[in-house]
Amino acid sequence: MRKLLLLLSLLYSAMLFAQDFKILHGPYLQGVTENEVTVVWVTNKEAVSWVELAPDDESHFYAEERQRFYQTNFGKKEIGTLHKIKISGLEKATRYRYRIYSKEVTAKEHYYIGYGKTVATNVYRQKPLTFRTLDTSQANMKFAVVNDIHENSELLEKLISQTNISEQDFVLFNGDMASNMFSEEQVLGGFVDQAVRSFARETPFFMARGNHETRGLFSTEYINYFPTSTGQPYYAFRQGPAFFIVLDGGEDKPDSDIEYHSLADFDNYRESQIKWLTDVLQSEDFKQAPVKVVVMHVPPIRSTWHGPIQIKKHFIPLLNKAGIHLMLSAHLHKHFYIEAGNDDCNFPVLINSNNHVAMFSIAKQEISIKVLSEDGKSILTKTIPVY
Ligand SMILES: [Fe+2]
């Protein structure tokens, strides 16, 4: 048996060696702010990678050597298959052209590194990829929300196709995009690859972690694939007049549940977010934003399970005092729009269904919402005045 396993492992290594060096997943844009962006992609073999950046002007990408940004760790370029390159010092509200490169590492010794082929995105036969930084002074902003597709890429494609994606500043994935996190291939193949095909090379997506993304041994890698400004699944950002607080409600059942295999510690995790949330709500960035939106996969209402009860207990008293204009939730696979003042929330809560796409246009004085079903049927059209 051991000999057979050894033989299979050798065969697998030989097959891998024989494969051409290539980009398997991505690139996709993460963590975009007014002056930063992170570009993420995966190669089938270890590599040293970089991003070349060019202004979005009339010059050809080949007009001159473009500035390079590497993935480094304390001054050394990293070797790996997951490439996650953060570019800082960008201008706000600015479109940039970019090109990704990976240079295969064929030998890795203490004092010798061997290199193989180099792969890159095309800038000759195709237009170079672009991204645009955020702009907090922009009068209006637009974004679309999808959640709970549970690796149904076909559904994701249908929903995104209804959004006029080029008009959206970003897409928000509000959790349970994957049914669990077992491996890189399963998670990226489950929804990220489709997002890349539909938009994510040029329009960023923001993730709110769902309870299903906490499941499986690969779930510990979550933040490496979906990096945030805090290094945690909960974070905040602003675009145009809107300030977004993205919370992580963790799992829905008690931590001791058999499904969690004695590994869940979400009661403590939710409590740890209270300090962070309190600081955010007291920050000038939050207070000065005309529109305040909270995002959380598990809704604090319409459920009598332990997770939602905890969320309601911990987060709602703080949010009720903070002048929130809208909460976006998911998880229930059913559409609910709950007016402010109901279910102990003094702000409206939109719980988006798994087969709907919600689109938002936010200005200083109002939030416009349009929810469509997967076949384009109107589910909700609503305008919320902002005071
Ligand atoms: Fe969920």
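1. Let me start with a residue pair: Met359 sits opposite Lys370 in S20. The two strands concerned, S19 (residues 356-362) and S20 (residues 366-373), run antiparallel and are joined by seven bridges. Two strands are taken to pair if DSSP finds at least two bridges between them. Strands here are DSSP runs of E with at least two residues, and helices are runs of H or I with at least four residues, numbered from the N terminus.

2. Some ground rules for reading on. This is a predicted model, in which local features need pLDDT of at least 70 and side-chain atom pairs count only at pLDDT 80 or more, while totals for chains, interfaces and linings use all residues. Residues are numbered from 1 along each chain as its sequence is written.

3. Where do S19 and S20 belong? They are part of an open sheet of six strands in the order S12-S11-S10-S19-S20-S21, with mixed pairing. Strand S12 (205-207) and strand S21 (378-385) are at the edges with a single partner strand each, so each has one side without a neighbour in the sheet. Neighbouring strands of this sheet are turned by 20° against each other on average, direction ignored. For angles, axes are lines fitted to C-alpha atoms, for helices over the stretch in contact, and the values run from 0 to 180 degrees between N-to-C directions.

4. A second open sheet of six strands has the order S13-S14-S15-S16-S18-S17, and its pairing is mixed. Its edges are strand S13 (235-239) and strand S17 (336-338), each with a single partner strand, so one side of each has no neighbour in the sheet. From one strand to the next, the twist averages 15°. Within it, strand S15 (residues 291-296) and strand S16 (residues 326-329) pair in the parallel sense over three bridges, and Val293 stands opposite Leu326 in S16.

5. You may also like the hairpin that joins S7 to S8 through two residues. Strand S7 (residues 95-109) and strand S8 (residues 112-120) are antiparallel and share seven bridges. Glu109 is placed opposite Tyr112 in S8.

6. Now the helices. The axes of H5 (residues 266-282) and H7 (residues 306-320) come within 10 Å and cross at roughly 20°. The two helices are therefore roughly parallel to each other, a label for angles under 35 degrees (over 145 is roughly antiparallel, 65 to 115 roughly perpendicular and the rest oblique). H5 passes H7 in a right-handed crossing; that is, the near helix is turned clockwise from the far one by less than a right angle, whereas anticlockwise would be left-handed. Among the residues that make the contact are Phe266, Ile274 and Leu281 of H5 and Ile311, Phe315 and Leu318 of H7. Residues are in contact if their C-beta atoms, placed from the backbone, lie within 7 Å. By class, this contact has seven nonpolar, four polar and three charged residues. In that scheme Ala, Val, Leu, Ile, Met, Phe, Trp, Tyr, Cys and Pro are nonpolar, Asp, Glu, Lys and Arg are charged, and the others, Gly among them, are polar.

7. H2 (residues 153-160) and H3 (residues 184-200) pack at an angle of about 30° with their axes 9 Å apart, and are therefore roughly parallel to each other. Their crossing is right-handed. Ser153, Leu156, Glu157 and Ile160 in H2 meet Phe191, Gln194, Ala195, Ser198 and Phe199 in H3. The classes in this contact are five nonpolar, three polar and one charged.

8. On the larger scale, the domain assignment gives domain 1 (20-132) and domain 2 (141-385), with bounds that come from an automatic or database assignment. Their C-alpha centres lie 28 Å apart. The contact takes 17 residues from each of domain 1 and domain 2. On the side of domain 1 that touches domain 2, the elements giving two or more residues are strand S1 (23-30), strand S2 (37-55), strand S6 (80-87) and strand S9 (129-132). S1 gives the largest share, six residues. That side of domain 1 has nine nonpolar, seven polar and one charged residues.

9. Finally, two backbone details to look at. A cis peptide bond, with omega about 5°, joins Gly26 and Pro27, and Pro27 is found in strand S1. Phe74 has a positive phi, near 50°, and lies in the loop between strand S4 (72-73) and strand S5 (76-77). Most residues other than glycine have a negative phi, and most peptide bonds are trans.

Terms used: Two residues are in contact if their C-beta atoms, placed from the backbone, lie within 7 Å.
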